[in-house]
Amino acid sequence: MSTFYDDLETRSPEAREAALMRALPRQIDHAQRHSAAFAAILVGVDASAVTSRAVLAQLPVTRKSALQQRQQQARGGGNPFGGFATAGFGAALPRVFCSPGPLYEPEGARRDYWRMARALYAAGFRAGELLHNCFSYHFVPAGFMMETAAHALGCSVFAGGTGQTEQQVQAMADLQPAGYIGTPSFLKIILEKAGQMGVPLPSLTKALFSAEAYPPSLHQWFAARGVHGMQCYGTADLGLIAYETSAREGLVIDEGVIVEIVRPGTGDPVPEGEVGELVVTTLNPDYPLIRFGTGDLSAVLPGPCPTGRTNTRIKGWLGRADQTTKVRGMFVQPGQVAEVARRFPQVLKARLVVSGSMANDQMLLQVETRETAPGMADLLMEVLREVTKLRGEVQMLPPGSLPNDGKVIEDARSYE
């Protein structure tokens, strides 16, 4: 039995990049012609010219707030997806979901629409098995994201959903599923309840987790109880983005997306290894999101996966990129810090530290630069005040001084 879901996972990086860059202009052209939202967002863009990551990086980043805003504007007018979806109600769009916001998401009719089967396969699931799915089927797409993937693998699914812990234990004891899909915290609750009930669950030997952190301590807890748990990372907008392999060294990027990591508050790619915001372009024709800002932080891991998969790896979820902070009654955003830095080519990296105590906020703009000319700090202070409408000090630092944690704004205030 193959270690890999398909041959795409082991193709050369050059072949993969060439294939993605051939598909990219077609996807952009499709979005411009069939998505009213992207017709406006990408107005004037020559799709045929977007054949490299460098050109892609020049396109605007669309964030979830823009999806929500366009949906709200279009609500009640027969366009619940704000002009982003290319398929209308009917056979081509069998399900509609709602995430908090509210934000409505479509599900197309294609097999394994969310592309989660690849992650299930990497976690050890195979055709002919029964999977106990404890992701929610209510409003949000998580339950169906995993169920459609399991069906694509040739597996059966018990739709456990959330809650009802004792009934979950009983169903597992009766049906003997090969594995679990859901959050790690809920499986821990189920296993603890099974212990209290004196019900053994010997068939449960593997799991695919998502939607929560999966730290090494929790991995060890499950391993001690005979459960081999893996994790994947995806969103309701994009489907699968990356998945864990048996190597347990980061997450391998899915074959159906183009991932960039950019400096928070901008669309500018960061150097490999630096923490930044995950920006994803999906090749899904039904919901063609181009440079979609996830708001999540991550970083590229160097080198290939030891399992033989050749796609780029990321470190996984490292926090949120939206570090908007209120200072003296005014919001300061990462994009404003980036705007200050952008006006000075000498600045390699910038970080705004907000300190002080309640009602005594202080701002310090830390910048990495090789420039030591007198007066530059004063100029930076002037621009900082112009952009944020707030006073702040400036600290000049040599290159490499600031932490590689993706933070553009650090809230170091004391609220005691």
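# Exercises on pockets, rings and turns

The lining of the second largest pocket splits into 16 nonpolar, five polar and six charged residues. Keep in mind that you're looking at a predicted model. Let's start with that pocket and work outwards.

**Exercise 1. Find out how much space the second largest pocket holds, which residues lie nearest its centre, and which element gives the largest share of its lining.**

Solution. Step one is the volume, which comes to about 580 Å³. Step two is the lining: 27 residues take part, and Arg 53, Val 259, Glu 272, Val 300 and Thr 312 lie nearest the centre. Step three is to look for elements that supply at least two residues, and these are α1 (13-34), α3 (53-56), β11 (257-262) and β14 (300-301). The largest share belongs to β11, with five residues.

**Exercise 2. Describe the largest pocket in the same way: volume, lining and elements.**

Solution. Begin with the volume again, about 1,000 Å³ here. Next, go to the centre of this pocket, where you'll find Ser 210, Ala 211, Glu 212, Cys 232 and Tyr 233 nearest, out of 36 lining residues. Now see which elements give two or more residues to the lining: α6 (142-153), α9 (216-223), β8 (228-235) and β13 (292-298). Of these, β8 gives the most, with five residues. Finally, sort the lining by class, and you get 19 nonpolar, nine polar and eight charged residues.

**Exercise 3. How many cavities of 30 Å³ or more are there, and what lines them?**

Solution. The count comes to two. Take the largest cavity to begin with: about 70 Å³ of space lies inside. Its lining includes Arg 263, Pro 264, Glu 274 and Val 275, along with Lys 349 and Ala 350. Residues from further along the chain join in too, among them Pro 403, Asn 404, Asp 405 and Gly 406. By class, the lining of this largest cavity has five nonpolar, two polar and five charged residues.

Then move to the second largest cavity, with about 50 Å³ of space. Among the residues lining this one are Glu 105, Pro 106, Tyr 113, Trp 114, Arg 115 and Tyr 287. Here the classes come out as six nonpolar, two polar and three charged.

**Exercise 4. Count the aromatic pairs, then work out why the pair of Tyr 214 and Phe 222 is tilted.**

Solution. The structure has twelve aromatic pairs. For Tyr 214 and Phe 222, the ring centres are 6.4 Å apart and the planes meet at 45 degrees. Stacked needs an angle under 30 degrees and edge-to-face needs one over 60, with the rest counted as tilted. The angle of 45 degrees therefore makes this pair tilted.

Now check whether the two residues are hidden. Tyr 214 has a relative accessible area of 9%, so it's buried. Phe 222 is buried as well, at 0%.

For a bigger group of rings, look at Phe 97, Tyr 113, Trp 114, Tyr 137 and Phe 144, which ring pairs link into a cluster. Two of its members, Tyr 113 and Trp 114, have already turned up in the lining of the second largest cavity.

**Exercise 5. Which charged residues lie over the ring of Trp 221?**

Solution. Look for Lys 188, which lies over the face of Trp 221 at 4.9 Å from the ring centre. Then look for Arg 225: its charged end also sits over the Trp 221 ring, 3.7 Å from the centre.

**Exercise 6. Trace the hairpin of β2 and β3, and find the residue there that takes a positive phi.**

Solution. Start with the strands: β2 (residues 95-99) and β3 (residues 103-107) run antiparallel and are joined by five bridges. Pick Arg 95 as an example, and you'll see that its bridge partner in β3 is Glu 107. Three residues lie between the strands, and Gly 101 has a positive phi near 155 degrees.

**Exercise 7. Where do Phe 139 and Arg 291 lie, and what is the phi of each?**

Solution. Phe 139 is in the loop between β4 (130-133) and α6. Its phi is near 70 degrees, a positive value in a residue other than glycine. Arg 291 belongs to the loop between β12 (276-282) and β13. Though not a glycine, Arg 291 has a positive phi of about 50 degrees. One last step: is Arg 291 buried or exposed? With a relative accessible area of 0%, Arg 291 is buried.

Terms used: Residues are numbered from 1 along each chain as its sequence is written. This is a predicted model: local features need pLDDT of at least 70, side-chain atom pairs count only at pLDDT 80 or more; totals for chains, interfaces and linings use all residues. Side-chain values use heavy atoms; hydrogens and water are left out. Rings of Phe, Tyr and Trp (its six-membered ring) pair if their centres lie within 6.5 Å; planes under 30 degrees apart count as stacked, over 60 as edge-to-face and the rest as tilted. Buried means under 20% relative accessible area, exposed over 50%, partly exposed in between (1.4 Å probe, protein chains only). A charge sits over a ring if NZ of Lys or CZ of Arg is within 6 Å of the ring centre and within 35 degrees of the ring normal. On a 1 Å grid over the protein atoms alone, a cavity is a set of points where a 1.4 Å probe fits but cannot get out, and a pocket is an open set with protein on both sides within 12 Å along at least five of seven lines; lining residues have an atom within 4 Å of a point. Grid points are joined across faces, edges and corners, and a volume is the space filled by probe spheres set on the points. Helices (H or I, at least four residues) and strands (E, at least two) are DSSP runs, numbered from the N terminus. Ala, Val, Leu, Ile, Met, Phe, Trp, Tyr, Cys and Pro count as nonpolar, Asp, Glu, Lys and Arg as charged, and the others, Gly among them, as polar. Two strands pair if DSSP finds at least two bridges between them.
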